Amino acid sequence: MSAPVLEIRNIHTFIGQFHILEGVNVSVPQGSITVMLGRNGAGKTTTLKSVMGLTPPSQGAILFEGKPIHGKRPYHIAQLGIGYVPEHRAIFKTLTVRENLELAERQAHDLEKRIDFIFNLFPAMRQFYHYPAGNLSGGQQQMLAIARVLVPENRLLLIDEPSEGLAPVIIEELMAAIQKLAETSTVLLVEQNFRMASRLADRYVILDDGQSRVEGVMPELIKDEQLIQRYLGVA
Amino acid sequence: MATTLGKNTPILVMIAIITGLLTFSFINSNGDFGDFGITVLSGLFQGMLLFLVASGLSIIFGLMDVLTLAHGAYFMIGAYVAYDVQHPGGVIDLTAAIPDPNLRFPVALIAAILVGAGLGVILERGLLRPLYSRPIFQLVMTFGVSLVMVEIVKAIWDTTIYSWQDRFGLQESFFELFGQQFSVYRLFVVGIGFVLIIGIALILRRTRIGIIIRAGVEDRQMVEALGINVQLVFTVVFTLGCAVAAFGGGIAAPFLGASNNLATDFLLQAVAVVVLGGMGSYEGTAAGSIMVGLAIAVAQKAAIGTAFTVLPSITPMLLLILILLLRPSGLFGSAHSS
Ligand SMILES: Nc1ncnc2c1ncn2[C@@H]1O[C@H](COP(=O)(O)OP(=O)(O)O)[C@@H](O)[C@H]1O
Ligand SMILES: [Mg+2]
């Protein structure tokens, strides 16, 4: 197996006085889709935010392509080539679709170079290009949030619960898109929808109570009903 | 249908208030177009000066969640610097180097802008930055900075109220309309104000920094997570805001002179504008500045020869109360914005 693109080593993260992450270890190999599983409140979102520097860890290490990134400012971490698709699809509602995408440029002409790829992946983006993003449906907003990280060159994508609150048809479309992205970028995905997670991911890591418990390859988890039952409460 | 109506309401309220003010003023002028015209020009003039303070206050608040109570002091500093550069003596005496007052005035304005920008960087980088995420501290600190700036001004220029002596061409020019003399300089300031209103709107709509500012108003963290150095944007916006306020003080000085009162007067009026326009709304700030400027001028005219000499200074607050009764989140404020 090739060297991990992202390595989270025993991080501890506080939000205010709350000790949210109490030892999270995650390793994301090059070219894989790794899914982070765990109940609501397990600390999945906080782990992604810790990687981005939005809730910086107070202990432990985070390595991107072998180099430490913990302690750097979020914009700096993003510029290294990490794209973040937050939960609840935090797009800019008063900006047009186009402006949302332009904002994500890191170099002149980033958008110009990628726009055909984005329009092919999400045709709705073409249709609503000049409309305020707040007018989009939930699924389209999620597509925009994903499209935004495709504008610059990102080698790692962190995607937080993309299927949340969406209809099955839309989820299928998103899954196809994420699969396509994984051809060129490594993906760390947070997903509650186990069916979606198990079809997409090569690897998994389970978080519980702010700690990572188990990690491994997806086919093994699918067979291990006891493990699924214990941490995820789905059979 | 309901949404169309909702969208148009701020414009309708605005038109209604402006029409009301103008009608009152016209009647108050006994139907004399010359008199009425003077009041309107004076209102637009004051409105534009107000816009130069309020626009920065509003954009800084929208982007950074900082209500900077030092903003009026930047206007005041601009007035002193422009006055000082223009006139003989003082800290900088350019009367020998640039004998022509018409040329000295633009230099005086540039000096005001540079001093405003310089003091802006110092305030943002040095004092405000450690206090992000502590709004009350920021409020107290910027208020303190305002007091300190007034004290520094007193130390440098004394407590004298300076009225402009060194008149230059533009200030001496008048044109006649309806039997009244109108000041070309006031018209010039109104023109600059309109250019800035449109210019800043274009920057916000069309440029990358404008997109970043509008996005930052919605969600700063997400802007940062896309790879944008938001702190740097804060510094740029804050500095420009201070520079524009100081420029406002500079162009106001030929009319208003230089005095300590400018700091509080313009701060209070600008805060009223920002709130009645709808916190963080640029359109609201532009429209609100003009409305408050007009209202003050109309009140000044109406108060002449009456016992209500206090009327002009309480007018911004009266207008603020009226608008908040009609639209609790301000003219262009959205109901869900805090
Ligand atoms: N801003 C916050 N303040 C206090 N507690 C928080 C905050 N954000 C998250 N938490 C807590 O941290 C824990 C982990 O949250 P999160 O990372 O969002 O979980 P997940 O994404 O796995 O559902 C939860 O118990 C949550 O209540
Ligand atoms: Mg979450």
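Start at ligand 1, where a polar side-chain atom of A:Thr45 sits 2.7 Å from one of the ligand's oxygen atoms. Keep in mind that this is a predicted model. A:Thr46 does something along similar lines: an N or O atom in its side chain is 2.6 Å from an oxygen atom of ligand 1. With A:Gly41 the backbone is involved, since a polar backbone atom of that residue is 2.7 Å from a ligand oxygen.

Zoom out a little and you can see who else surrounds ligand 1. The residues around it run through A:Arg39, A:Asn40, A:Gly41, A:Ala42, A:Gly43, A:Lys44, A:Thr45 and A:Thr46, and A:Ile15, A:Phe18 and A:Ile20 are there too.

Now for some helix packing, still in chain A. When two helices pack, the angle between their axes and the distance between those axes describe the arrangement. Take α6(A), residues 138-150, and α7(A), residues 168-181: they pack at an angle of about 5°, and their axes are 10 Å apart. Angles under 35 degrees count as roughly parallel, so that is what α6(A) is to α7(A). On the α6(A) side, the contact uses A:Gly139, A:Gln142, A:Met143, A:Ile146 and A:Leu150, while α7(A) brings A:Ile170, A:Glu173, A:Leu174, A:Ile178 and A:Leu181. Sorted by class, that gives seven nonpolar, two polar and one charged residues.

Over in chain B, α5(B) is a good helix to follow, as it packs with α3(B) and with α4(B). Try α3(B), residues 71-86, to begin with. Its angle with α5(B) is about 15° and the axes are 10 Å apart, so the two helices are roughly parallel to each other. They cross in a left-handed sense. From α3(B) come B:Ala73, B:Tyr74, B:Met76, B:Ile77, B:Tyr80, B:Val81 and B:Asp84, meeting B:Ser146, B:Met149, B:Val150, B:Val153 and B:Trp157 of α5(B). This contact splits into ten nonpolar, one polar and one charged residues.

Then there's α4(B), residues 101-128, against α5(B), residues 135-157: here the angle is about 140° and the axes lie 12 Å apart. That makes α4(B) oblique to α5(B), because roughly antiparallel would need an angle over 145. The crossing is right-handed. Four leucines of α4(B), B:Leu119, B:Leu123, B:Leu127 and B:Leu128, meet B:Gln138, B:Met141, B:Thr142, B:Val145 and B:Met149 in α5(B). The class tally is seven nonpolar and two polar residues, with no charged ones. Look out for B:Met149 as you go: it turns up in the contact with α4(B) and in the one with α3(B).

Terms used
Residues are numbered from 1 along each chain as its sequence is written. Chains are lettered from A and ligands numbered from 1 in the order in which they are written. This is a predicted model: local features need pLDDT of at least 70, side-chain atom pairs count only at pLDDT 80 or more; totals for chains, interfaces and linings use all residues. Side-chain values use heavy atoms; hydrogens and water are left out. Axes are lines fitted to C-alpha atoms, for helices over the stretch in contact, and angles run from 0 to 180 degrees between N-to-C directions. Angles under 35 degrees count as roughly parallel, over 145 as roughly antiparallel, 65 to 115 as roughly perpendicular and the rest as oblique. A crossing is left-handed if the near helix is turned anticlockwise from the far one by less than a right angle, and right-handed if clockwise. Contact means heavy atoms within 4.5 Å. Ala, Val, Leu, Ile, Met, Phe, Trp, Tyr, Cys and Pro count as nonpolar, Asp, Glu, Lys and Arg as charged, and the others, Gly among them, as polar. A residue is near a molecule or strand if one of its heavy atoms lies within 4 Å of it. A polar contact is a pair of N or O atoms within 3.5 Å; within protein, one must be able to donate a hydrogen and the other to accept it, and residues adjacent in sequence count only if both atoms are side-chain atoms.
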